[in-house]
Structure formats: C-alpha cells, structure tokens
Amino acid sequence: MYFPDVAGAVSPGLTIDTAVVKYKDNEYYLSHDLEKKKNENGWIFFDCGCDGTYLTNNRNTILYGHARSDNMFGGIKYLNEKPKWYENSANHYIRIQTENQDTIWQIFAWYETNVDEEMASGYNYITTKFPSDAYYVAFLNNLQSKNMIDSFKKFEFDADDKILTLSTC
C-alpha cells in the first residue's frame with residue numbers, strides 16, 4: 001500500500017516505532033490515521049512549517065501526536081513516572097529517519113505545560129522561527145530549565161544547535 005504523506009519514521013528510544021507523516025496543515029492527522037481513515041488517535045506528524053526531509057534545516061523540528069491510548073505518543077505521556085526507563089541513559093535518544101537523513105536526537109527535557117504557561121513565559125515550545133540567535137539560545141535554555149527528569153544530560157546551547165520537540169496532550 002502506498003502512503004503519500006509518509007515523510008519518515010521514528011524508532012525506539014521511546015516507546016514509539018512508527019511512520020511519521022507530513023501534511024499541508026497541522027489539523028488533518030489529529031483525526032486521521034496513516035490510511036487517511038477517521039481515527040480518534042490520529043497519527044504522528046511533522047509540523048507543517050518544518051522541513052520534513054532534512055530535519056537539520058529546522059532549528060526546532062516538531063512532531064505532534066495524541067496520547068489518548070497506548071497508540072501514537074500514548075506511551076510517552078507518563079515516562080516521568082517510570083524511573084527504570086529514565087535511569088537508563090540508552091533510552092534518552094530518539095532516532096528519526098527521512099528519505100534524506102538518518103538523525104539521532106538526545107532528550108534534554110521532559111515537562112508538562114499548557115498554552116497559558118507557554119505564552120506567559122515568552123517562549124512557546126512550538127516556535128519554529130526565531131527573531132535572533134540570542135533569542136533562540138534563550139529559548140533552548142528556557143526549555144531545559146523546565147525539565148522534570150534529573151538524569152537527562154544538561155547542555156550548553158549555542159545558535160547552531162537543532163532540537164526535536166514531541167508535543168502531545
């Protein structure tokens with residue numbers, strides 16, 4: 001079967017091992033699966049404003065997915081409550097493959113937030129365009145400061161760093 005919207009795949013490190021899609025908007029795959037059938041679990045998808053082919057072209061590559069069940073991002077919603085998972089540093093990496101890149105991302109922050117908190121902080125975690133390098137570095141430091149899992153490595157960020165954001169509800 002051919003799936004024209006598939007842009008890549010996310011692999012273990014987390015509890016996810018599936019195709020990732022990219023679409024013209026950030027709404028469609030909230031309620032449709034890979035076969036474009038209505039599905040309350042939706043599918044994991046790249047933010048429509050991100051380059052889904054060369055992830056390192058983005059400063060902040062965003063993946064969205066529901067956490068309504070053990071499907072999609074459901075397996076990561078409560079990782080902060082599973083010490084055996086986060087104490088094993090081998091689990092602190094996410095692999096994403098696209099047609100043109102094979103990338104590995106190290107997890108540096110896990111936290112819960114809401115839209116009001118994000119707006120009040122001045123740094124919305126789903127920002128993809130940044131007004132300056134200094135703002136971007138401050139954005140990264142703000143994300144890291146919210147981390148709720150002490151065993152994640154702490155980073156000194158610079159303007160050339162790239163991040164991957166997993167967003168769920």
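This is a short talk on the fold of one protein chain and on its aromatic rings.

Hi everyone. One thing to keep in mind as we go: the model is predicted.

Let's begin with the overall layout. The protein chain has seven strands and three helices. If you walk along the sequence, the order you meet is β-β-β-β-α-β-β-α-α-β. Of the 169 residues in the chain, 48% are buried. Now think about contacts between residues at least 6 apart in sequence: 57% of these join residues at least 24 apart. As for the outside, the accessible surface is about 9,200 Å², and carbon and sulfur atoms account for 49% of that.

Now to the rings. How many aromatic pairs does the count come to? The answer is twelve. A pair like this is described by the distance of the centres and the angle of the planes.

Take Y23 and Y29, which meet edge-to-face, with 5.7 Å between centres and 90° between planes. Both of these residues are buried.

Another edge-to-face pair is F108 with F157, at 5.1 Å centre to centre and 65° between the planes. Again, F108 and F157 are buried. Why does this pair tie together parts that are 49 residues apart in sequence? Because F108 sits in the loop between β6 (102-106) and α2 (115-121), while F157 sits in the loop between α3 (133-145) and β7 (163-167).

Last stop, a cluster: ring pairs link Y123, F130, Y135, Y136 and F139. One of those rings has a visitor, since R59 lies over the face of Y136, 4.3 Å from the ring centre.

Thanks for listening!

Conventions: Residues numbered from 1 in each chain as written. Predicted model: local features only at pLDDT ≥ 70, side-chain atom pairs only at ≥ 80, totals over all residues. Heavy atoms only, no water. Helix = DSSP H or I, 4+ residues; strand = E, 2+ residues; numbered from the N terminus. Buried < 20%, exposed > 50% of the residue type's maximum accessible area, 1.4 Å probe, protein only. Contact = heavy atoms within 4.5 Å. Areas by Shrake-Rupley, 256 points an atom, 1.4 Å probe, with all protein chains shown as cover. Phe/Tyr/Trp six-rings, centres within 6.5 Å; stacked < 30°, edge-to-face > 60°. Lys NZ or Arg CZ within 6 Å of the ring centre and 35° of its normal.
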